[in-house]
Amino acid sequence: MRDLAPAHAAKSTKDWFTKKQLEVLAWPANSPDLNVIENLWAIVKRKIRDRKPTMLDQLKQNIATAWEAVSAETCDKLVKSMPRRLQAVIQAKGAATKY
């Protein structure tokens, strides 16, 4: 399963799937993303948004610090939101939701 992100649609990616004889599931563009890791990454990005690292090591440290600051409670809330997310997608008949 993959969407139409450029990295997923690249010829090298398509060739890799073909070489490995892997079937790719159709995935509609703009479909709701139910993967809670996307929300977790958004939280991390907000935590580092105003920092302006000038070196790669600084960026890595900022990301690590932000990641470590995410509480287990936040992760638990994201996981527990799945039933609501699924229900929203069902009600939207597969269209985009607030999630």
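Helices here are DSSP runs of H or I, at least four residues long, numbered from the N terminus. With that in hand, one can look at what comes right after α6 in this predicted model: the helix is followed by K93, whose phi is positive, near 55 degrees.

Now for α6 itself, which spans residues 82-91. Its buried residues are R85, A88 and V89. Looking down the axis of α6, these buried residues fall within an arc of 100 degrees, so they line one face of the helix. The other side of α6 is where P83, I90 and Q91 sit exposed. As for what lies over the buried residues of α6, the cover includes α3 and α5.

The pairing with α5 can be described in more detail. Helix α5 (residues 72-80) packs against α6 at an angle of about 35 degrees, and the two axes are 5 Å apart. On the α5 side, the meeting residues are L78, V79 and K80, while α6 brings M82, P83, R84 and R85. Sorted by class, this contact has four nonpolar and three charged residues, with no polar ones.

That leaves the core. In soluble globular proteins, nonpolar side chains tend to be buried together. Here the largest nonpolar core has eight residues: V36, L40, I43, V44, I48, A66, V70 and L78. Helix α3 (residues 36-48) supplies the largest share of this core, with five residues. One core member, V70, touches L40, I43 and V44, along with K47 and C75, leaving aside residues up to four places away in sequence. L78 plays two parts, belonging to this core and also to the α5 side of the contact with α6.

Notes. Residues numbered from 1 in each chain as written. Predicted model: local features only at pLDDT ≥ 70, side-chain atom pairs only at ≥ 80, totals over all residues. Heavy atoms only, no water. Core = buried A, V, L, I, M, F, W, Y, C linked by side-chain atoms within 4.5 Å. Buried < 20%, exposed > 50% of the residue type's maximum accessible area, 1.4 Å probe, protein only. Contact = heavy atoms within 4.5 Å. Axes fitted to C-alpha atoms, helices over the stretch in contact; angles between N-to-C directions. Nonpolar A, V, L, I, M, F, W, Y, C, P; charged D, E, K, R; others polar. Arc of directions from axis to C-beta.
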